[in-house]
Amino acid sequence: MKPGQDAPELESFYHLGHGPLGARACRGTACFVARHLDLERWRRATSAEARVYCLGQCHRAPAATGVDARPAVKVHARRAVVLERLVGEGARALSDYTRQGGYVALEQALSSPPEAFISQVERSGLRGRGGAGFPTGRKLRAVAEAPGAAKYVVANADEGDSGAYIDRVLLDEDPHAVLEGLLLAAYAVGARRGYIYVRKEYPLAACVLHVALHEAHRAGLLGHHIMGSDFSCEISLEVGRGSYLCGEETALLNALEGRRPFVRARPPYPAQEGLYGEPTLVNNVETLANLPWITRHGGEAYAAMGIPGSRGTKVLSLNSLFHRPGLYEVELGVPVRTVVEELGGGLRTGPLKGVLIGGPLAGVLPPHLLDTPLGFEELKAVGASVGHGGVVAFDANTSIASLVHHVFSFGAYESCGKCTPCRMGARHVERLFARVLETGPGPRSGARDWEEVVEALRLTSLCGHGIGLGEFAASVLRYYAEEVRACFA
Ligand SMILES: Cc1cc2nc3c(=O)[nH]c(=O)nc-3n(C[C@H](O)[C@H](O)[C@H](O)COP(=O)(O)O)c2cc1C
């Protein structure tokens, strides 16, 4: 047992605990903007004591556990990378994965020194798909070169970003791609131990991964002398207990160590001092799923897609208000308009009012900015973000006051409480807008009040949770100024 495990001060951090997930309705952002399509389900979601912010079924929102229709899966890129097998039947079983070229990349990498793999990833220009967009090759090199008695690799399968569901579908239907990516990363950095941290809200993913690890072990793809080489690595699965914050990499490391999952101050970064104080590579599921393809086809083939600064492809998760919701693998650089109008086919419930790209803790893109290319710097320049690729479009049924209330209510519920601006500021804004929704426009002082909180969140929060809340609010103030002004008489 880990230190403190099951202690009340630790367990109180988590919303869902150790028991089965049970029957739940979702109150994630895609479900919130689609609440008018099933008010009864939304009422169930919002009246439950333990909240569930995203079941990863945004394509059929408002969602609940039980029925889980597969989303449409399409490729709008010169080559399919992440969705390579998912455009077909997927590859849940090891035999299906190997029949489609699975584990060839690992075999190839093991026949050369780790440096060969790291330089291919550097050449690919791949940036992390978990939200921060950090160059993956640089992170691999940092961990490989960091001094340490042991090294660790961690697959971040927490996918808490409400509105994104690519990691869920990858884990459910192509688990060996993630496992192979993690093994490639372990080989590259010299790790003999790896973890996959999967969120509780994805029970099928946890089952599928369990079987995949077992299959890989039996086939000599995990454990001692993998594929007869000198490389040995064990990987284990850890299932979350309901906490958005555990997706933040340092909180995740604390969770794995059995500590209360507060965010850690940086530096030191996990690449220098991560799990148990040793150099640790933390990568997102989709990032890892890119690695076998890059190994097989070379970094340059990957970099040939996309635009400078944003190379390769990204899978976008379109929400249920689109005519054609689903997963779309696009080349980075594609105009957001192409995604919204051509791929998604526009909204089926009325004119577009805005799009949240990359999660609730990122900027909202208004219709007049749809020509912005989907790139890390390009979206940042207009106050938005690629994030994890959730594309949650909303219509006139969602007022800006209700959206701000929804996002800050989520922010306050999921704040780890370690830093003051996030712990107090999120709750303050949530209450302010709850009052506006209940009793109409608040006093003029409220406007100044929340703008100050937004600035404090952006500038002084310890991690991306508080900063993201601030960025979301800043984009609302910028692009929906009139509607925000009307909230304060
Ligand atoms: C509040 C918060 C939640 C996060 N949740 C996730 C998550 O669910 N999945 C994920 O991969 N990254 C998440 N991240 C980003 C991770 O901290 C980290 O940047 C990422 O796992 C690194 O992997 P990558 O370089 O492959 O993107 C989150 C960050 C913050 C601030």
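Visitor: In what order do the 6 strands of the open sheet stand?

Guide: This is a predicted model. In it, 6 strands make up an open sheet, and their pairing is mixed. The edge strands, each pairing on one side only, are β1 (73–76) and β11 (364–365). The order is β1-β9-β8-β12-β10-β11.

Visitor: Which residue of β9 is the bridge partner of H76?

Guide: β1 and β9 run parallel and are joined by 4 bridges. Among the residue pairs there, H76 has as its bridge partner in β9 the residue V330.

Visitor: In which sense does β8 pair with β9, parallel or antiparallel?

Guide: Strands of a sheet pair through backbone hydrogen bonds, in either a parallel or an antiparallel sense. One pair between β8 and β9 sets L318 opposite G326. Over 6 bridges, β8 and β9 (residues 326–331) pair in a sense that is antiparallel.

Visitor: Which residue of β12 stands opposite S317?

Guide: β8 also pairs with β12 (residues 390–394), in the parallel sense and over 2 bridges. Opposite S317 in β12 stands G390.

Visitor: Why is strand β8 described as largely enclosed by the rest of the structure?

Guide: In a regular strand, side chains alternate between the two faces of the sheet. In β8, T313, V315 and S317 point one way, while K314, L316 and L318 point the other way, and all are buried. β8 (residues 313–318) is largely enclosed because the number of its 6 residues that are buried is 6.

Visitor: Which strand gives the most residues to the shell around the ligand?

Guide: Two elements, β5 (280–284) and α19 (464–479), each supply at least two residues of this shell. With 3 residues, the element that gives the most is β5.

Visitor: How many residues of the shell around the ligand are charged?

Guide: There are 19 residues around the ligand, and those that come nearest are G130, E249, N283, N284 and T287. By class, the shell has 3 nonpolar and 10 polar residues, and the number of charged ones is 6.

Visitor: How much of the accessible area of the ligand does the protein cover?

Guide: Oxygen atoms of the ligand have N or O atoms of the protein beside them: a side-chain atom of K139 at 3.0 Å, and a backbone atom of R129 at 3.4 Å. For G160, a backbone N or O atom lies 3.0 Å from a ligand oxygen. Of the 610 Å² of accessible area that the ligand has on its own, the protein covers 91%.

Note on methods
Residues numbered from 1 in each chain as written. Predicted model: local features only at pLDDT ≥ 70, side-chain atom pairs only at ≥ 80, totals over all residues. Heavy atoms only, no water. Near = heavy atom within 4 Å. Polar contact = N/O pair within 3.5 Å; in protein donor to acceptor, adjacent residues only side chain to side chain. Areas by Shrake-Rupley, 256 points an atom, 1.4 Å probe, with all protein chains shown as cover. Nonpolar A, V, L, I, M, F, W, Y, C, P; charged D, E, K, R; others polar. Buried < 20%, exposed > 50% of the residue type's maximum accessible area, 1.4 Å probe, protein only. Pairing = 2+ DSSP bridges.
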